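Hi there,

Here is the structure I promised to pass on. Have a look at it, and then read on for what turned up.

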Amino acid sequence: MPYSIMFHPDMYVHYSSDFAKRGYATSSHGCVNVGDKDAILWLYENTPIGATVHVF
C-alpha cells in the first residue's frame with residue numbers, strides 16, 4: 001500500500017484512494033486507511049522510526 005507506516009506487526013496507516021467510496025465492504029485487515037493523499041504524504045515524511053502511535 002502506498003505511504004505505509006507500520007505501527008504494529010501487520011497493521012499500518014496507509015493511503016487508499018478509493019476507501020471513502022468502498023469503505024470496509026470488500027475487506028479490511030485492521031489498517032488505518034487515509035483517503036487524503038496530501039495528509040498521508042505529510043505523515044509518511046514526518047513520522048520518525050519508533051514514533052508512538054495512538055489509534056482511537
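**The core and what surrounds it**

The largest nonpolar core has five residues: I5, V13, Y15, V34 and I40. Please keep in mind that this is a predicted model. As background, nonpolar side chains tend to be buried together in soluble globular proteins.

V34 is a good residue to start from. Setting aside neighbours within four places in sequence, V34 touches V13, H14, Y15, S16 and I40.

Now for the sheet. Three strands make up an open sheet, ordered β1-β2-β3, with mixed pairing. β1 (5-8) and β3 (32-34) are the edge strands, and each has a single partner strand, so one side of each has no neighbour in the sheet. From one strand to the next, the twist averages 20°.

Between β1 and β2 (residues 11-15), the pairing is antiparallel and runs over three bridges. If you want a spot to zoom in on, M6 sits opposite Y12 in β2.

Across β1, β2 and β3 lies helix α2 (residues 37-46), which runs at about 130° to β2.

One last residue to look at: is I49, in the segment after α2, buried or exposed? I49 is exposed, because its relative accessible area is 90% and exposed means over 50%. I49 is also 43 residues from M6 in sequence, while the C-alpha atoms of the two are 9.5 Å apart in space.

Happy exploring, and best wishes!

Terms used. Residues numbered from 1 in each chain as written. Predicted model: local features only at pLDDT ≥ 70, side-chain atom pairs only at ≥ 80, totals over all residues. Heavy atoms only, no water. Pairing = 2+ DSSP bridges. Helix = DSSP H or I, 4+ residues; strand = E, 2+ residues; numbered from the N terminus. Axes fitted to C-alpha atoms, helices over the stretch in contact; angles between N-to-C directions. Contact = heavy atoms within 4.5 Å. Core = buried A, V, L, I, M, F, W, Y, C linked by side-chain atoms within 4.5 Å. Buried < 20%, exposed > 50% of the residue type's maximum accessible area, 1.4 Å probe, protein only.
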